[in-house]
Amino acid sequence: MKEQERRYSALIADQFPELHIRTVESLGEGYRNFAVLVNGEWVFRFPKSQQGADELNKEMHLLPLLSERVKAGIPKFVYRGTQEDGRPFAGYRKVEGEILGEDGIASVSGYARERLAIQLGDFMSDLNAFPVETAIQAGVPVLQLANEIQLLKDAAERQVFPHLEPSSRDYLHRRFQAYLENTAYTRYIPALIHADLSPDHFLTDSHRSVLTGIIDFGDAAISDPDYDYLYLLEDCGEPFTRQVLAHRGEADLDARLQKISLLVTFDQVRYLLEGLESGDPDWIQEGLELVEQDMQINR
């Protein structure tokens, strides 16, 4: 067992001795959390920053209210502890299913793909129907998307554009303007969204034909419901995204997909910006390649 896992195991054992720890394995480390699996059954998340702690607290308040309103399984926190630095940590019984993953949709076809699209669409509808005021009281922030994109544009012009060729700068400038100047894009009815609805957070059965759960609600916000299609388009492709949109009865799918493609572009810019701020050369190179690929796709 690695030192980090030993430390977390000791925290769990000290605060929850009734758990009788037999095995601990790492589930990986993200930007804001480290996660371990205890006894093959319990997932414990340990925030590494104040932002991670705030997001975990938000989940612990929101998800109990949400659990009766969505059909897919979501984390149900049972254990709530405190780390040495005062930040919280929490454990929940592992949600049934296997992670679909960014490339997983490619292996799903026909009826199974249609079924997943329906189930995912229903989950998104259930989420959007959750009372906004209740979510705000649970600590979910209101995200004014147009304001966030304007701030991203300003930061990109200062920090990203100097690293780009003129053609790439022109492309991104046009993409930002296409969103910010279109009132149809910036006008929406605010709703609860997951805000990180990636197939890395979809759990499915062994045949990948049933959506068994959704995890990682740390980015949940009150904002534009269309934002939750961003990673569907980016990771699952246009045909699957179109299936989900159609199941939900959305109008003018081509125009909707064009809007979502702009959100994908902005996500690539944000990724590159974070890479530049980190100073990691591999991250920066990947970000530059993603922006270039995005430009090729949307030419």
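Q: What makes up 67% of the contacts in the chain between residues at least 6 apart in sequence?
A: In this predicted model, contacts (heavy atoms within 4.5 Å) between residues at least 6 apart in sequence join, in 67% of cases, residues at least 24 apart. Residues are numbered from 1 along each chain as its sequence is written, and side-chain values use heavy atoms, without hydrogens and water. Local features need pLDDT of at least 70 and side-chain atom pairs pLDDT 80 or more, whereas totals for chains, interfaces and linings use all residues.

Q: Why is the chain called as compact as a globular protein of that length?
A: The chain has eleven helices and ten strands, helices being DSSP runs of H or I with at least four residues and strands runs of E with at least two, numbered from the N terminus. Its radius of gyration, taken over C-alpha atoms, is set against the globule rule, 2.2 Å times the number of residues to the power 0.38; the value of 20 Å is close to the 19 Å that the rule gives for 299 residues, so the chain is as compact as a globular protein of that length.

Q: Which strands are the edge strands of the open sheet 6-8-9?
A: Strands count as paired if DSSP finds at least two bridges between them, and strand 6 and strand 8 (residues 202-204) are joined by two, running antiparallel. Strand 6 (98-99) and strand 9 (211-214) each pair on one side only, and are therefore the edge strands.
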